[in-house]
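Me: I would like to learn how to read a model of this kind feature by feature. Could we go through one together, with the general idea stated before the particular case?

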Amino acid sequence: MFENAFAYLGLQFAKFQFRNDVDKIQPMGNFLKGARNVLITMPVGYEYSVIAGNALRSFRDRMKDIHITVVHNSTRETPLANFPKCVVVRLDPEDINRFSLPTKVALQRIFTREFDVAIDLNLDFVLHTAYICKASLAKVRVGFTSPVSELFFNININLNKSRTPQVIYENFAKCLAMF
């Protein structure tokens with residue numbers, strides 16, 4: 001009954017917590033090629049996770065020297081788990097508090113290293129995954145456009161959401177290929 005109110009309070013807390021975090025201007029070219037550690041938060045739904053993972057499979061050879069941490073809400077495997085140097089961190093429902101934010105224990109499991117790039121693959125804004133990307137302190141944080149996405153991401157991808165998820169994720173992969 002109060003889920004929306006708690007989620008709103010969680011968003012306000014995140015805004016307050018990150019109010020002084022100002023991103024520095026940096027060159028955008030080749031940010032993915034220069035990365036050593038990449039954090040990827042998978043979509044909340046398993047079907048979208050499979051579609052997103054399949055779209056990013058084309059990067060497997062390009063990312064063989066990059067350590068990837070995948071944050072996933074499902075117990076089933078996604079195609080990204082087959083990447084070399086990949087660690088999967090599974091989030092259980094108890095890892096997300098009533099304010100739709102990740103718990104400190106979940107953040108400690110995720111942040112075992114520093115990240116150069118953080119990518120949120122949720123098409124719609126999901127507070128706990130956006131929070132994880134922002135809290136990662138990655139220089140480059142990529143996510144899809146939403147009314148509050150500028151607080152969490154410094155690269156906002158605005159794709160035509162009237163298309164199917166498969167087309168959207170394939171276009172997203174093409175955007176990433178430019179870097």
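**Reading the model**

Reply: Let us start with a single residue: S100 is partly exposed, because its relative accessible area is 24%, and a residue has to fall under 20% to count as buried or go over 50% to count as exposed. Please keep in mind throughout that this is a predicted model.

Me: Where does S100 lie, and what is its phi?

Reply: S100 lies in the loop between β3 and α3 (104-110), and its phi is near 65°, a positive value in a residue other than glycine.

Me: Which other residue has a positive phi although it is not a glycine, and is it buried or exposed?

Reply: L137 has a positive phi of about 60° and is not a glycine. Its place is in the loop between α4 and β5, just after α4, and L137 counts as exposed because its relative accessibility is 66%.

Me: How should I read the sheet, and in what order do its strands stand?

Reply: The general idea is that strands of a sheet pair through backbone hydrogen bonds, either parallel or antiparallel. In this model an open sheet of 6 strands runs in the order β3-β2-β1-β4-β5-β6, and the pairing is parallel. β3 (86-90) and β6 stand at the edges with a single partner strand each, so one side of each has no neighbour in the sheet. On average, neighbouring strands of this sheet are turned by 15° against each other, with direction ignored.

Me: How many bridges join β1 to β2 and to β4, and which residues stand opposite each other?

Reply: β1 and β2 pair in the parallel sense over 5 bridges, and within that pairing T41 stands opposite V71 in β2. β1 and β4 also pair in the parallel sense, over 4 bridges; here V38 stands opposite V117, while L39 has A118 as its bridge partner in β4.

Me: Is β1 mostly covered or open, and what is found on each of its faces?

Reply: A strand has two faces to inspect, and for β1 both are covered: N37, L39 and T41 are buried on one side, and V38 and I40 are buried on the other. In terms of the whole strand, 5 of its 5 residues are buried.

Me: Which helices lie across these strands, and at what angles do they run?

Reply: α4 lies across β1, β2, β4 and β5 and runs at about 170° to β4, whereas α6 lies across β4, β5 and β6 and runs at about 155° to β5.

Me: Why can α4 be called largely enclosed?

Reply: The reasoning rests on burial: 9 of the 9 residues of α4 are buried, so the helix is largely enclosed by the rest of the structure. The buried residues of α4 include H128 and K134 as well as L127, Y131 and I132.

Me: How does α1 look when I ask which of its residues are buried and which are exposed?

Reply: In α1 the buried residues are G10, L11 and A14. Seen down the axis of α1, its buried residues fall within an arc of 100°, so they line one face of the helix. Y8 and F16, on the other side of α1, are exposed. What covers the buried residues of α1 includes α4 (127-135) and α5 (149-152). As for its length, α1 (residues 3-17) has 15 residues and reaches 21 Å from its first C-alpha to its last, close to the 21 Å expected at 1.5 Å a residue.

Me: What makes up the largest nonpolar core, and which element supplies the largest share of it?

Reply: The largest nonpolar core has 30 residues, and those with the most contacts inside it are V38, I40, I119, L121, F144 and F172. Several elements each supply at least two residues of this core, among them β1 (37-41), α2 (46-55), β2 (67-72) and β4 (117-120). The largest share, 5 residues, comes from α6. There is also a second, separate core of 24 residues, which includes V71, I96, I110 and L127.

Me: To finish with a single strand residue, is V140 buried or exposed?

Reply: V140 lies in strand β5 (residues 140-144), and V140 counts as buried because its relative accessibility is 6%, which is under the 20% limit. V140 and K174 are 34 residues apart in sequence and 17 Å apart in space, taken from C-alpha to C-alpha.

Technical notes:
Residues are numbered from 1 along each chain as its sequence is written. This is a predicted model: local features need pLDDT of at least 70, side-chain atom pairs count only at pLDDT 80 or more; totals for chains, interfaces and linings use all residues. Side-chain values use heavy atoms; hydrogens and water are left out. The expected span of a helix is 1.5 Å times one less than its number of residues. Buried means under 20% relative accessible area, exposed over 50%, partly exposed in between (1.4 Å probe, protein chains only). The arc is that of the directions from the helix axis to the C-beta atoms. Contact means heavy atoms within 4.5 Å. A nonpolar core is a set of buried Ala, Val, Leu, Ile, Met, Phe, Trp, Tyr and Cys residues joined through side-chain atoms within 4.5 Å. Two strands pair if DSSP finds at least two bridges between them. Axes are lines fitted to C-alpha atoms, for helices over the stretch in contact, and angles run from 0 to 180 degrees between N-to-C directions.
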